[in-house]
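This report describes the fold and some local details of one protein chain. Please view the sequence and the coordinates before reading on.

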Amino acid sequence: MSNGREPKEHETGPAEGPRPPLDGHRLADDPVSTAAIERLDVGGRQLVALSDGFLLMGETMVGTADEPTAAFDALRADYEEVRLPLGCFFWPGETNVLVDTGFGPLDAAEGGWLIGGNLLHQLRRIGVRPEDVDVVALSHLHADHSGGLGDPGTGEPIYPNATTYIGSHDWEYFVEGSTAAIPLPDYTRAALESLADRGKITLVDGDAEIAPGVRRLSAPGHTPGHSLYVIHDDDERVLLLGDSMYCPQQLTNLDWGAAFDVDPALARATRERLQRDLELHGGGALGCHFPGLIAGRAVTDPDRGTRRAP
Ligand SMILES: [Zn+2]
């Protein structure tokens with residue numbers, strides 16, 4: 001498995017179609033966040049990592065009680081401005097799978113610290129229409145991952161033919177319950193209800209092969225039903241971490257938690273389990289917000305213990 005390093009799609013110029021909402025924004029062509037398109041070889045197939053937009057990282061978004069700005073400080077050492085992509089992943093094949101849908105065409109705060117709406121444009125650049133998507137696999141139901149599921153104006157589902165997979169405990173927490181710290185927006189709820197009415201929602205608990213080369217694993221903590229997706233072909237694999245880790249530094253700093261973790265202790269236990277799994281079985285790991293959408297690895301070094309590798 002390798003990160004494709006051929007010329008980036010965005011360097012080939014805009015495709016035809018409606019202008020994306022981020023056109024004209026100073027970060028619209030930023031390869032670290034919005035314009036990131038990475039191709040990862042997995043066995044004989046290729047996974048495409050795309051970004052729906054960007055998230056300007058808050059200083060205390062990921063860290064520890066003693067070091068609340070730990071991740072921000074580490075990332076700022078590498079990037080002048082800490083802007084994270086809104087990662088989505090397309091796995092083309094007989095069954096076309098899209099993992100996460102981004103935030104959708106909205107600006108969440110004045111000044112723009114969370115802006116989406118680029119995903120449909122990015123998919124178009126690689127020749128994919130919304131109706132071509134057979135499976136949408138959501139990591140969780142926070143808006144920067146599920147917001148692109150429905151039209152913000154009408155609540156109509158964006159991917160009309162797709163069966164949508166969601167962790168059952170996320171459905172209980174966000175859709176059926178009323179205590180979610182970050183509630184579902186009305187248009188996302190409308191899209192989910194429309195899909196459910198048409199039998200297009202499948203709730204999963206535990207491990208399940210949901211499509212050829214796509215395995216869902218339970219990875220709770222960030223949200224109660226948070227899902228991890230293992231993309232695999234032949235003997236190779238890459239783990240799509242969702243928000244179980246926000247940055248590759250968390251592969252070796254297990255105490256760094258995210259401010260949005262619903263259950264911080266469970267989220268830490270999940271990170272530890274993922275680290276052990278990566279050391280044991282190998283493969284790349286890629287979170288939705290990893291800068292540049294570049295996968296990291298956790299390897300065991302006899303002298304230095306667990307360390308990150310590119
Ligand atoms: Zn997120």
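The text below goes from the whole chain to its strands, its helices and two loop residues.

**Whole chain**

The model is predicted. Its mean pLDDT is 90, and 91% of the residues reach 70 or more. The exception to note is residues 1–18, where pLDDT stays under 50. For that stretch the model has 28 contacts beyond four places in sequence. Where pLDDT is low, the predicted coordinates should not be read in detail.

The protein chain holds six helices and 17 strands. Along the principal axes, its C-alpha atoms fill a box of roughly 55 × 45 × 45 Å. The radius of gyration is 18 Å, which agrees with the value near 19 Å for a compact globule of 310 residues. Buried residues account for 46% of the 310 residues. Of the contacts between residues at least 6 apart in sequence, 69% join residues at least 24 apart.

**Strand pairing**

The table lists three strand pairs with their sense and bridges.

| Strand pair | Sense | Bridges |
|---|---|---|
| β1 (residues 37–42) and β2 (residues 45–56) | antiparallel | six |
| β7 (residues 135–137) and β8 | parallel | three |
| β8 and β9 (residues 201–204) | parallel | four |

Strand β1 has two unlike faces: Glu38, Leu40 and Val42 are on the covered one, while Ile37, Arg39 and Asp41 are on the uncovered one. Arg39, from the uncovered face, has Val48 in β2 as its bridge partner. The hairpin of β1 and β2 has two residues between the strands, and Gly43 takes a positive phi near 60 degrees there.

How many residues of strand β8 (residues 163–167) are buried? Five of its five residues are. Thr163, Tyr165 and Gly167 point one way from the strand, and Thr164 and Ile166 point the other way. Burial thus applies to both sets, as all of these residues are buried. Strand β8 pairs with β7 and also with β9. Two residues of β8 illustrate this pairing: Tyr165 is the bridge partner of Ala137, and Thr164 stands opposite Ile201 in β9.

**Helices α1 and α6**

In helix α1 (residues 70–78), the residues Ala70, Ala71 and Leu75 are buried. They cover an arc of only 120 degrees around the axis, which puts them on the same side of α1. The cover over these buried residues includes β3 (62–63).

Helix α6 (residues 264–281) has 18 residues. From its first C-alpha to its last it reaches 25 Å, close to the 26 Å expected at 1.5 Å a residue. Its buried residues are Ala267, Thr270, Arg271, Leu274 and Leu278. Why do the buried residues of α6 line one face of the helix? Seen down the axis, they fall within an arc of 100 degrees, so they line one face. The general background is that an α-helix has 3.6 residues a turn, so residues three or four places apart point the same way. The face of α6 turned away from the buried side carries the exposed residues Ala265, Glu272 and Leu280. Just after α6, Gly282 takes a positive phi of about 75 degrees.

**Two loop residues**

Is Gly116, in the loop between β6 (114–115) and α2 (119–125), buried or exposed? Gly116 is buried, because 29 other C-beta atoms lie within 10 Å, and the cut-off for burial is 20 or more. Leaving aside neighbours within four places in sequence, the contacts of Gly116 include Asp52, Gly53, Leu86, Phe103, Pro105, Asp144 and Gly148. His169 is 53 residues from Gly116 along the chain, and the C-alpha atoms of the two are separated by 26 Å.

Pro160 is found in the loop between α3 (143–146) and β8. Pro160 is partly exposed, with 13 other C-beta atoms within 10 Å. In sequence, Pro160 and Gly150 are ten residues apart, and their C-alpha atoms are 9.8 Å apart in space.

Note on methods:
Residues are numbered from 1 along each chain as its sequence is written. This is a predicted model: local features need pLDDT of at least 70, side-chain atom pairs count only at pLDDT 80 or more; totals for chains, interfaces and linings use all residues. The expected span of a helix is 1.5 Å times one less than its number of residues. A residue is buried if 20 or more other C-beta atoms lie within 10 Å of its own, exposed if 12 or fewer, and partly exposed in between; C-beta atoms are placed from the backbone. The arc is that of the directions from the helix axis to the C-beta atoms. Two residues are in contact if their C-beta atoms, placed from the backbone, lie within 7 Å. The radius of gyration is taken over C-alpha atoms; the globule rule is 2.2 Å times the number of residues to the power 0.38. pLDDT is the predictor's confidence in each residue, from 0 to 100. Two strands pair if DSSP finds at least two bridges between them.
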